[in-house]
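Student: I've got a protein model to look at and I'd like to work through it by asking questions. Can you help me read it?

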Amino acid sequence: MRNNDRAARFLRTWREDYIYQTLMSAAVSFGCTALFALYNGYLGFRYGSVWHGSIGIFYLLLMTIRGIVLLTEKRNQTRLEAEQSRCRRRTFLISSVLLLVLDLALILPISMMVVLDKPVSMGLIPAIAMATYTTWKITMASIHIGRQRHRSGGNILVAELRTVNFIDALVAILTLQNTLIMVNRTTTDENTMLPVSAASSAVIYVVIVVITLRMLQKGLRQTNRQQT
């Protein structure tokens, strides 16, 4: 009976508290990102794969950003409101710098995907499953990046977590695009697919950079208002 009450209470909190929902989702994503970082880091080290090593760095930075945000919010539970705001501003500045480094770290794996130099050992069925997962991921990230403007309660770190999720989803699209090209390509297709891959990768990367800069701009504006 107690377990049922706890489950009901958890589901009610999940539905009604957007910040709690965001933090719990970020905790799950933190664990998944850690696994991705370890997996790609291992492949990069084991097989000397530059692509896996570089994408492993991306996931490591992503994991670090989510981790410091979650740690700040956990510690804020025992802090006064004024101290909570000060700690959030500090964490936001640190994580924003890491996010800019993350954008730079994406240049190498994206450039390798553009020239179809990403190692692939995947059949068509796993590629389709990957496409389904990526579609779900970008859909949910798009929905929440719109919702957080009205439901984040002024918590700058919640807004940042939703932005990070959207960037993660965009990188998943890039990886999926390259995987599908590599799985289905033939020698005669290569000259045709290179320009397509380059154009779409450039567009998505520009979107990632613009989203990062806009988040940084809005965050700095918000922290300045809170300090005055």
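Student: Which residues does isoleucine 110 touch, not counting residues up to four places away in sequence?
Tutor: This is a predicted model, where local features need pLDDT of at least 70, side-chain atom pairs count only at pLDDT 80 or more, and totals for chains, interfaces and linings use all residues. Residues are numbered from 1 along each chain as its sequence is written, and side-chain values use heavy atoms, with hydrogens and water left out. Contact means heavy atoms within 4.5 Å. With close sequence neighbours set aside (up to four places away), the residues that isoleucine 110 touches are Leu174, Ser201 and Tyr205.

Student: Is isoleucine 110 buried or exposed?
Tutor: You'll find isoleucine 110 in helix α5; helices (H or I, at least four residues) and strands (E, at least two) are DSSP runs, numbered from the N terminus. Buried means under 20% relative accessible area, exposed over 50%, and partly exposed in between, using a 1.4 Å probe and protein chains only. Isoleucine 110 has a relative accessible area of 8%, so the word for it is buried.

Student: How far apart are the C-alpha atoms of isoleucine 110 and isoleucine 55?
Tutor: Along the chain, these two are 55 residues apart. In space, their C-alpha atoms are separated by 9.1 Å.

Student: Which other residues of α5 are buried?
Tutor: Helix α5 covers residues 107-114. Besides Ile110, the buried ones are Pro109, Met112, Met113 and Val114.

Student: What phi does leucine 116 take?
Tutor: Leucine 116 comes just after α5. Its phi is positive, at about 60 degrees.

Student: Are α4 and α5 roughly parallel or roughly antiparallel to each other?
Tutor: Axes are lines fitted to C-alpha atoms, for helices over the stretch in contact, and angles run from 0 to 180 degrees between N-to-C directions. Angles under 35 degrees count as roughly parallel, over 145 as roughly antiparallel, 65 to 115 as roughly perpendicular and the rest as oblique. Here the axes come within 5 Å and cross at roughly 25 degrees. That's why α4 and α5 count as roughly parallel.

Student: Which residues of α5 meet α4?
Tutor: On the α4 side, the contact involves Asp103, Leu104 and Ala105. Their partners in α5 are Ile107, Leu108 and Pro109.

Student: How do α3 and α4 lie relative to each other, roughly parallel or roughly antiparallel?
Tutor: Their axes are 9 Å apart, and the two helices pack at an angle of about 175 degrees. So α3 and α4 are roughly antiparallel.

Student: How many residues in the contact of α3 with α4 are nonpolar?
Tutor: The contact includes Ile57, Phe58 and Leu61 from α3, and Cys87, Arg88 and Thr91 from α4, among others. For sorting them, Ala, Val, Leu, Ile, Met, Phe, Trp, Tyr, Cys and Pro count as nonpolar, Asp, Glu, Lys and Arg as charged, and the others, Gly among them, as polar. The split has 4 polar and 2 charged residues, and the nonpolar count is 14.

Student: What does α4 reach from its first C-alpha to its last?
Tutor: Helix α4 has 25 residues. The expected span is 1.5 Å times one less than the number of residues, and for α4 that is given as 36 Å. The model comes close to that, with a reach of 35 Å.

Student: Which residues is isoleucine 156 in contact with, leaving aside its neighbours within four places in sequence?
Tutor: Isoleucine 156 lies in helix α7 (residues 156-184). It is buried, with a relative accessible area of 7%. Its contacts are Arg88, Phe92, Gly219, Gln222 and Thr223.

Student: Is methionine 182 buried or exposed?
Tutor: Methionine 182 is also found in helix α7. At 17% relative accessibility, methionine 182 counts as buried.

Student: Which helix has the lowest mean pLDDT?
Tutor: pLDDT is the predictor's confidence in each residue, from 0 to 100, and the protein averages 80. Where it is low, the predicted coordinates should not be read in detail. Helix α3 (residues 50-75) has the highest mean, 90, while the lowest, 60, belongs to helix α1.
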